[in-house]
Amino acid sequence: MIYLDNAATTKPNARALDEARAYLTERYFNPSALYREGFELHLELKAAREHILSCLADPAAFELIFTSCGTEADNQAIFSFARRGNAVTTSGEHAAVANPFAELKSRGVEPRFAPLNADGSVNAEKLLDLIDDKTSFVSVIHVNNETGAINDVNAIAKAVKEKNPRVVFHTDGVQSFGKLPYRIGKDVDLYSLSAHKIGGLKGVGALICKKKLRLSPYLYGGGQEGGLRSGTENVFGIKTLEFAALEKYGGRREKYERMQELRRRFFERLDGSLFVKISSDSSSPYILSLVARGLRGEILLHRVNDRGLLIGTGSACSSNAKKRYSRVILACGVSERDADGVIRLSFSDETTEEELGEAAKILNEEARSLSEDMQ
Amino acid sequence: MKHVIIVRYAEIFLKGKNRGYFERVFVMNMEKALRGIRHEIRRASGRYLVEGFDEEQTEEVVSRLRKVFGTHSLSVAYVVPSEREEIVAAAKLVCRPQGTFKVETHRADKTYPMNSMEFSAWLGGELLEAYPHLRVDVHAPQFTVYADIRENGVTMLFSEFLPGAGGMPVGTAGKGLLLISGGIDSPVAGHMIAKRGMKLSCLHFHSYPYTNPQALEKVKDLVRELTPYNGGDTKMYVVKVTHIQESIHKHCAEEYMVTLLRRFMMRIAERVALREGYQCLITGESLGQVASQTIEGMTSSNAVIESLPVLRPLCGFDKNEIIERSRAIGTYDTSILPYEDCCTVFLPKFPVTKPKMQDVLAEEGKLDVEGLIAEAMESMEILEL
């Protein structure tokens, strides 16, 4: 099997699982318990928080709270700070941001959506135009999960704050965390991440928040995570996140460059008469979004699936137009006909050149044979 | 105080010498419906008593039994020794605290010291005393408290007749093969035929990879939703027609895709039915609903059938009537999930609505019909749902 859907989830990092195993089998205590065994776990969580934080930002200026997933982190950020006036985001957000923004309307906050460029990045100028005195919150996805387009969130945040310094700026970092060589800039206030996109476990995410900002809890209860996220901590899952993150950030730039090279060579192997690139060359090398010309992405997905290649798609075989086309792909200006043919290949640092060679071969063969069947 | 469900059966009472057979099948179907719940089914003069389940499970037992064909009505009753105090206590539980009511008594135990009229008057009086907001109205009461004084020294009290599914016990009217697509209509057609006692199996055609596994799972869910009406288990046959569609697409005029595909489906269905011992085919066609369901369309697809009858119970229904039934059965919400049954990539923009037989045969002549059918039959999977 060749797995090229790493933007959906990744194979858990075996070393992280090994390292964390003891927290499942022997050190199963409640970190809030008062006996030594429990308190030690409390201290370990504290250390994990610092370790993860230091991969991205200055632990003195930011804090990190563990959540159950990236979606929860996004929701908590949005509903903590988008409380008045208007809130601005992009048309290229993951549903975990897009849908909470749609919900804001019923809470009396006007959501505003900035248009995208053809590669899926936000049109920063138009985004700035949407910001005014009444803007309370801005959220810009760091790496677009469908096209891989990178938004320069540090620069956008700076420009936003120049226009309205009271804005709270959030970025959904789920597809950039552990992949892009990146440090959270001084104008970015909140950053969401998820463990299972980098080899950690599903069920763990985190929200990084500037220390001076006051988040609101989303869940009320036992007061864990400084009262901001109640519920007994998933120690095992958090430990897998910590180990996986530390491994990802070792030699980050070299891994990133290796991936750029692999993706470039992979695309060269694809038949140019069958596949057109949506992702730009400057996008995250971990994602490659393509249009399979004149074909339906999902049918191609099933075909290559039968040959052991797992990929993602930007469309679904649905009679419901809303579910059929990706909202983000359409926002990039792709026609409905081409949107039908969008597939998404996503890689991890574990992806090998041989796998990509084989994947390109399967994709070429199946796309060719499918176009013949469809003629 | 014991809790029982009284099950009265529908048309079975019309049966003469083979009534025993009908009743045996009926009880077997009830047993299957109640699988997983501790219970006992007892025969009592002209009806059945279901008892021995936990009181908390009453609603679940009732809702499962209401899907068993052959049931006319059900009542949830309390059974108490025929002692006055106990009868009053149970009657209070089935009685509502306010509104107008009457008591109706059936006295099977003719040795009971009061006759029916006296008993009703006495029990009514006790209830009026217990609930001061009640009023008696013997002509048009808002509810009725029924008392059934049995010969074995017990009395049953209840106040509701819940309608059952009606019809005949599934399995008493042969076996049929339902062509199920994933839309609204076919489950309704199946339900109607099962109601008359026919045991259904289902046949579904898919065109993977043009249709996805989710669409197939949706059809399985529909079959699972039909199963309680179908005697508790349903066999499902799944046949892949991808290559047939691809061949039609490649060799024949575009507008004949659906017409030709339906002929293939009917042929395959009849072969499956004959091989597996089904006595008829059932489809969800409704006259004129779509291009392929005109009388000309039906003629064309029916022409390939060699020996079996094809039942089309929905032919005379409007779409909204079908939807209404689908809602009542409980298949509607699954039916409308937006997965495609035969992927629209092959759907012609303008399908023929009145295919002429000679044209159909000419188009079909371009294909290796037998080879394609044999290949499709080869792909068949059989599932037990």
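In this predicted model, helix H5 of chain B (residues 185-195) packs against helix H10 of the same chain (residues 319-329), with the two axes 9 Å apart and at an angle of about 70°. That angle falls in the 65 to 115 degree range, so H5(B) and H10(B) count as roughly perpendicular to each other. On the H5(B) side, the residues that do the touching are Asp185(B), Pro187(B), Val188(B) and His191(B). Facing them from H10(B) are Ile322(B), Arg325(B), Ser326(B) and Ile329(B). Sorted by class, this contact comes out as a mix of 4 nonpolar, 2 polar and 2 charged residues.

Over in chain A, the secondary structure adds up to 14 helices and 13 strands. The chain has a radius of gyration of 21 Å, close to the 21 Å that the globule rule gives for 375 residues, so chain A is as compact as a globular protein of that length. Along the principal axes, its C-alpha atoms fill a box of roughly 70 × 55 × 40 Å. As for burial, 51% of the 375 residues of chain A count as buried. Contacts in chain A also reach well along the sequence: among those between residues at least 6 apart, 72% join residues at least 24 apart.

Zooming in on a single residue, Asn305(A) sits in helix H10 of chain A, which covers residues 297-305. Asn305(A) has 17 other C-beta atoms within 10 Å, and because burial takes 20 or more and exposure 12 or fewer, it is classed as partly exposed. Its C-alpha atom lies 9.8 Å from that of Ile362(A), although the two residues are 57 apart along the chain.

Methods: Residues numbered from 1 in each chain as written. Chains lettered and ligands numbered in written order. Predicted model: local features only at pLDDT ≥ 70, side-chain atom pairs only at ≥ 80, totals over all residues. Helix = DSSP H or I, 4+ residues; strand = E, 2+ residues; numbered from the N terminus. Axes fitted to C-alpha atoms, helices over the stretch in contact; angles between N-to-C directions. Parallel < 35°, antiparallel > 145°, perpendicular 65-115°, else oblique. Contact = placed C-beta atoms within 7 Å. Nonpolar A, V, L, I, M, F, W, Y, C, P; charged D, E, K, R; others polar. Rg over C-alpha atoms; globule rule 2.2 N^0.38 Å.
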